[in-house]
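Reader: Could you talk me through this one? I have a few informal questions about the fold and about one of the helix pairs.

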Amino acid sequence: MTPPDTPQGRILAAIDLGSNSFHLGIARALDGSIQPMHRMKQRVQLAEEADEQGNLHPEAMERGLECLSQFSQRLTEMRFDDIRIVATYALRQAPNRREFIRQAREILDYPIEVISGREEARLIYTGVSQNQSLPFPTLVIDIGGGSTELIIGQGHEPRQMESLNMGCVSYQSRYFTDSKLSPKRMRKAILAAEQQLEKLQQRYLRQGFHAAIGCSGTIKAIASIVNDGDLGQPVTLEQLEKLAKRIVEFDHAEQLPFDHLAELRRKVLPSGLAILIACFRQLEIQQIEFSEHALREGVLSELADEALHQDVQKRTIISLQKRYQLDRLHSERVFASASQLYHQAKLGPKKHKPWLHFAAALHEIGLQINYRGIHKHGEYILTNSNLPGFTLEEQQLLAFLVRWHRKKLSGCEPPKLQLMDKEAILALLLPLRLSVLMHLGRRHHIPLPQMELKKRTLRLTFGDNLKEDDLLAADLEMERLHLEELGWNLEWR
């Protein structure tokens, strides 16, 4: 539940760890509006010189950590009520991201959420739509350092969302090596981006849009150049192609005559321009307007209204239940029992209970593939689906709970998460497993037992009900053997 605004409002902070730039936004939430108070931006090019596997280069990591130290200093200078830190493409792709996140947490002392590409797209659209009116279907484009997000939406509702693995830093490294420029290099970069856009072209054109909005530093820099600093004027394909011809007249990016651009921005300008030209051509864009609002503002909007974020998660769960034709009444019964057991045994904090609800709602999702191995199929679906409103860590937790909600526990190892520790994860898994067991085969007639926790022993008290149900007793005996594999004891009477 979102805390009420004080007369002075709630001070919120959002940090966006992008592949090209890191952003800090501080705002005040007051009377339903968000008032920006402070912004910081630093180009760190975290994705620069990453190896073929996507591992971050030590120097890029050092630049990122140095930037976070500056952000931390600013945050300690003022009071704030809530903060959220999200990381995008570079950390999403990097196998060595845990090392960067570990060091970043030592500096900031707050969890860092690595979000999926479509979740990034959703938050970008939220940032734009919460800060300006979008009464007609609108295409929103954000060209980042490692990825480009394209969203079609109307009002506050995104209808199409995609994140493509093409960004101004990654394309600069691939097509403009050592900052060298030529018409051939520009053509190759544009063609590569057009190939990426082929996968969504027909779907987006069928959906249709009446206007296009661009956000991010890349589009801002391009709009500023072609319109002599007037960011209120739209940008056309003719202007972009004219700029491309002008750029490739030079041999190196550092020779470009755009003195108002920082060196790092000038370096990635040709690659960002190539991606934007490809977007115009493939999606038949007539003109695009620039918006100052993007991911950071989307994060702040959902911090200001926590119910907004929770509503997105709830809609995602309901959408999955409908798509996979799940028995929602049965799921609610499983959740009610699991929630009561969790509460009785005082297994963990109340704030973790929504995960019981989510896991119970989706525990049978693997049925769509096959009942045999339902738990493994469920894990696969949840690991590989796009779940709006959920970070990659949250998606990992949900997939884990569904994977181990039944059957043997050999090999069960809770994931290492910032979200919660191993014991807290197991505290959710245990009542979920017991609830699923008690409702096995749609067995809803059994009165719920009382459950107590003593050290690592769970004690269930059924009373006389158990004497009349040999099948339940046999199921409990099997579960006792399974829980022993985790070092837990199960007793009942």
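Author: What follows goes from the overall make-up of the protein to the packing of one helix pair, and it rests on a predicted model.

Reader: How many helices and strands are there in the protein?

Author: The protein contains 17 helices and 14 strands, and its C-alpha trace spans about 85 × 50 × 45 Å along the principal axes.

Reader: And what radius of gyration does the protein have, against that of a compact globule?

Author: The radius of gyration is 26 Å, which agrees with the value near 23 Å that a compact globule of 493 residues would have.

Reader: What percentage of the residues count as buried?

Author: Of the 493 residues, 55% count as buried; as for contacts between residues at least 6 apart in sequence, 69% of them join residues at least 24 apart.

Reader: Switching to helix 16 and helix 17, at what angle do their axes cross?

Author: The axes of helix 16, residues 422-438, and helix 17, residues 470-484, cross at roughly 155° and come within 10 Å. Since angles over 145 degrees count as roughly antiparallel, the two helices are therefore roughly antiparallel to each other, and their crossing is right-handed.

Reader: Which residues make that contact?

Author: Helix 16 contributes Leu430, Arg433, Leu434, Leu437 and Met438, while helix 17 contributes Leu472, Asp475, Leu476, Glu479, His482 and Leu483.

Reader: How many of those are nonpolar, polar or charged?

Author: By class, the contact of helix 16 with helix 17 has seven nonpolar residues, one polar residue and three charged residues.

Note on methods. Residues numbered from 1 in each chain as written. Predicted model: local features only at pLDDT ≥ 70, side-chain atom pairs only at ≥ 80, totals over all residues. Heavy atoms only, no water. Axes fitted to C-alpha atoms, helices over the stretch in contact; angles between N-to-C directions. Helix = DSSP H or I, 4+ residues; strand = E, 2+ residues; numbered from the N terminus. Parallel < 35°, antiparallel > 145°, perpendicular 65-115°, else oblique. Left-handed = near helix turned anticlockwise from the far one by under 90°. Contact = heavy atoms within 4.5 Å. Nonpolar A, V, L, I, M, F, W, Y, C, P; charged D, E, K, R; others polar. Rg over C-alpha atoms; globule rule 2.2 N^0.38 Å. Buried < 20%, exposed > 50% of the residue type's maximum accessible area, 1.4 Å probe, protein only.
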